[in-house]
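Dear colleague,

Please find the structure below, together with its sequence. My notes on selected helices follow it.

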Amino acid sequence: MKLDLYEIAEVLAAKNDVSQFENVTFRNAEFDSRLIETGDLFIPLKGARDGHDFIATAFAQGAAATLSEHPVAEGPYVLVDDVLAAFQALAQYYLEKAGVDVLAATGSNGKTTTKDMLAQLLATSYKTYKTQGNYNNEIGLPYTVLHMPDGTEKLVLEMGQDHLGDIHLLSEIAKPKTGIVTLVGEAHLEFFGSRTEIAKGKMQIADGMRKGGLLLAPADKIVNDFLPDQQKVVRFGPDADICLTRLEERKDSLTFEANFLELAIDLPVTGKYNATNAMI
């Protein structure tokens, strides 16, 4: 993470004068004080416990500075109104500074598999990084961004949603060049009330996308009212823009063909859903 204290203070419009501290370049940003190593920036988020209670611990572990919502006596700090919002703004800035191509995937099912397939393919030609584990929310996504290795060319992000607006926020932070909605199912229906609201939330992946970007969406009529005007939209599914034309399943593998491919694709996995993920 090639960011230093003074740069971060400027980006976040710090409410304190950081020139009183020596400028340092940070190694990483961590919100878990137990993971802090020498040269890290501590991000004291509020959850079951208030991360501000662990600022002293973070400095003892080797933190070079911390974000904070109140003055800090233990070491250098950047004073902000809201640490989580600052963390997200820092990730957004870092992506713009790094000039990385962002590809983002969401969906009720298949987003992790699609993300992993996409990252593996891109890694054959580009320096690629991807969402690790389930770090796909308002905390995990900026964490992923700030942990991508120097020189990353392609960043593949997974975006999850529990409530309407979650994907909008993540898209505005990441500003994907390419967006993927794998499926609109009924996950978290209790928070949304209907598949239509789930579709509305998933399609918010386009909200932060660049004009002229590529959005892949299922040929499901429930998303029709939420298709964007500023991006190129490719639909997938039976008789759609892209579709499977042949599928052969075996005990531990499958082969498929698609209407835009010249060759058949062999996969060491089973299930039509994996053929669709690979086709995407």
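Helix 3 and helix 6 are oblique to each other in this predicted model, because their axes cross at roughly 40°, and angles between 35 and 65 degrees fall outside both the roughly parallel and the roughly perpendicular ranges. The two axes come within 8 Å. On the side of helix 3, which spans residues 83-98, the contact is formed by Gln88, Ala91, Gln92 and Leu95; helix 6 contributes Leu169, Glu172, Ile173 and Ala174. Sorted by class, five of these residues are nonpolar, two are polar and one is charged.

Helix 6 (166-174) is also one of the elements against which the buried residues of helix 8 pack. The others are strand 5 (101-106), strand 8 (178-181) and helix 7 (189-192). Helix 8 itself comprises residues 195-202, and its buried residues are Ile198, Ala199, Gly201 and Lys202. These four lie on the same side of helix 8, because they cover an arc of only 160° around the axis.

A further point concerns Leu122, which belongs to helix 4 (residues 111-122). Is Leu122 buried or exposed? Its relative accessibility is 15%, so Leu122 counts as buried, the cut-off being under 20%. Leaving aside residues up to four places away in sequence, Leu122 touches Leu103, Thr128, Lys154 and Val156. Asn134, by contrast, stands twelve residues from Leu122 in sequence, and the C-alpha atoms of the two are 20 Å apart in space.

Yours sincerely

Methods
Residues are numbered from 1 along each chain as its sequence is written. This is a predicted model: local features need pLDDT of at least 70, side-chain atom pairs count only at pLDDT 80 or more; totals for chains, interfaces and linings use all residues. Side-chain values use heavy atoms; hydrogens and water are left out. Buried means under 20% relative accessible area, exposed over 50%, partly exposed in between (1.4 Å probe, protein chains only). Helices (H or I, at least four residues) and strands (E, at least two) are DSSP runs, numbered from the N terminus. The arc is that of the directions from the helix axis to the C-beta atoms. Contact means heavy atoms within 4.5 Å. Axes are lines fitted to C-alpha atoms, for helices over the stretch in contact, and angles run from 0 to 180 degrees between N-to-C directions. Angles under 35 degrees count as roughly parallel, over 145 as roughly antiparallel, 65 to 115 as roughly perpendicular and the rest as oblique. Ala, Val, Leu, Ile, Met, Phe, Trp, Tyr, Cys and Pro count as nonpolar, Asp, Glu, Lys and Arg as charged, and the others, Gly among them, as polar.
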